[in-house]
Amino acid sequence: MPSVIERASTGRAKCRACGQAIARGDERFGEALPNAYGDGDAMFWFHVPCAACARPEGLLPVLEQSSVSGKERARLEELARAGVAQGRLCRILRAERASSGRARCRHCRELIEQGAWRISLQIFEEGRFTPVGTIHASCGVGYFGSEPPLERFTLPNNQLSPDELAQVARLMRDGAAHSVQLKGLAKAGTEEPEAKSSRKTS
Ligand SMILES: [Zn+2]
Ligand SMILES: [Zn+2]
């Protein structure tokens, strides 16, 4: 029972990454993984774009053998390769507004204000995705190492309007610019005594 990309013959399977149904007739990725509850392998189903984001190592070799071609294939490969290179990208579940003000950002450890845009994260362990908390949208660049492609926030479990997506993108960019500024200030701060002493001597 090897991993496969095929058209869904029913609409009953749910995508393991986003939790939404995979519509009948849609292309889906089945990843054969060791069965956590018994012998042999079990098949885990994903929307193909969700697999490109969340299970890139499993998807890439199957994608190579598949009939998916052209622009669609290039787009999926790009998403998957980015996830292989920077594994944290695979943790993105969705962007959302914080429903309470009680959760702390996994990156900066500050509380995330109610209503603020945050990115909710999950990790794949033993055949299932487990939520591992959230980060400020403005901490996105710091956490992922670079600005994550917005496409990662347009999967089936992300019903964001273009305006909302633009807000998330702006927060990520502003957050990155702000942290560069802070680093600059910190650097200036450490250099200050030297500057003072040089002033005295001159
Ligand atoms: Zn999905
Ligand atoms: Zn933060």
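User: What share of the contacts in the protein chain between residues at least 6 apart in sequence join residues at least 24 apart, and what makes two residues a contact?

Analyst: Two residues are in contact if their C-beta atoms, placed from the backbone, lie within 7 Å; among such contacts between residues at least 6 apart in sequence, 56% join residues at least 24 apart. This is a predicted model, in which local features need pLDDT of at least 70, side-chain atom pairs count only at pLDDT 80 or more, and totals for chains, interfaces and linings use all residues. Residues are numbered from 1 along each chain as its sequence is written, while chains are lettered from A and ligands numbered from 1 in the order in which they are written.

User: Why is the protein chain called more spread out than a compact globule?

Analyst: The radius of gyration, taken over C-alpha atoms, is set against the globule rule, 2.2 Å times the number of residues to the power 0.38. For 202 residues that rule gives 17 Å, and the protein chain has 21 Å, well over that value, so the chain is more spread out than a compact globule. Its C-alpha atoms fill a box of roughly 80 × 35 × 35 Å along the principal axes.

User: How do you know that the buried residues of helix H2 lie on the same side?

Analyst: Helices (H or I, at least four residues) and strands (E, at least two) are DSSP runs, numbered from the N terminus. A residue is buried if 20 or more other C-beta atoms lie within 10 Å of its own, exposed if 12 or fewer, and partly exposed in between, with C-beta atoms placed from the backbone. In H2 (residues 56–65), Pro 56, Gly 58 and Leu 59 meet the buried criterion. They cover an arc (of the directions from the helix axis to the C-beta atoms) of only 150° around the axis, which puts them on the same side of H2. The face turned away from that buried side carries the exposed residues Glu 57, Pro 61, Glu 64 and Gln 65.

User: What makes the largest nonpolar core one that lies between the domains?

Analyst: A nonpolar core is a set of buried Ala, Val, Leu, Ile, Met, Phe, Trp, Tyr and Cys residues joined through C-beta atoms within 7 Å, and the largest has 42 residues. Helix H1 gives the largest share of this core, six residues. Domain 1 (4–85) and domain 2 (88–176), whose bounds come from an automatic or database domain assignment, both give residues to this core, so it lies between them.
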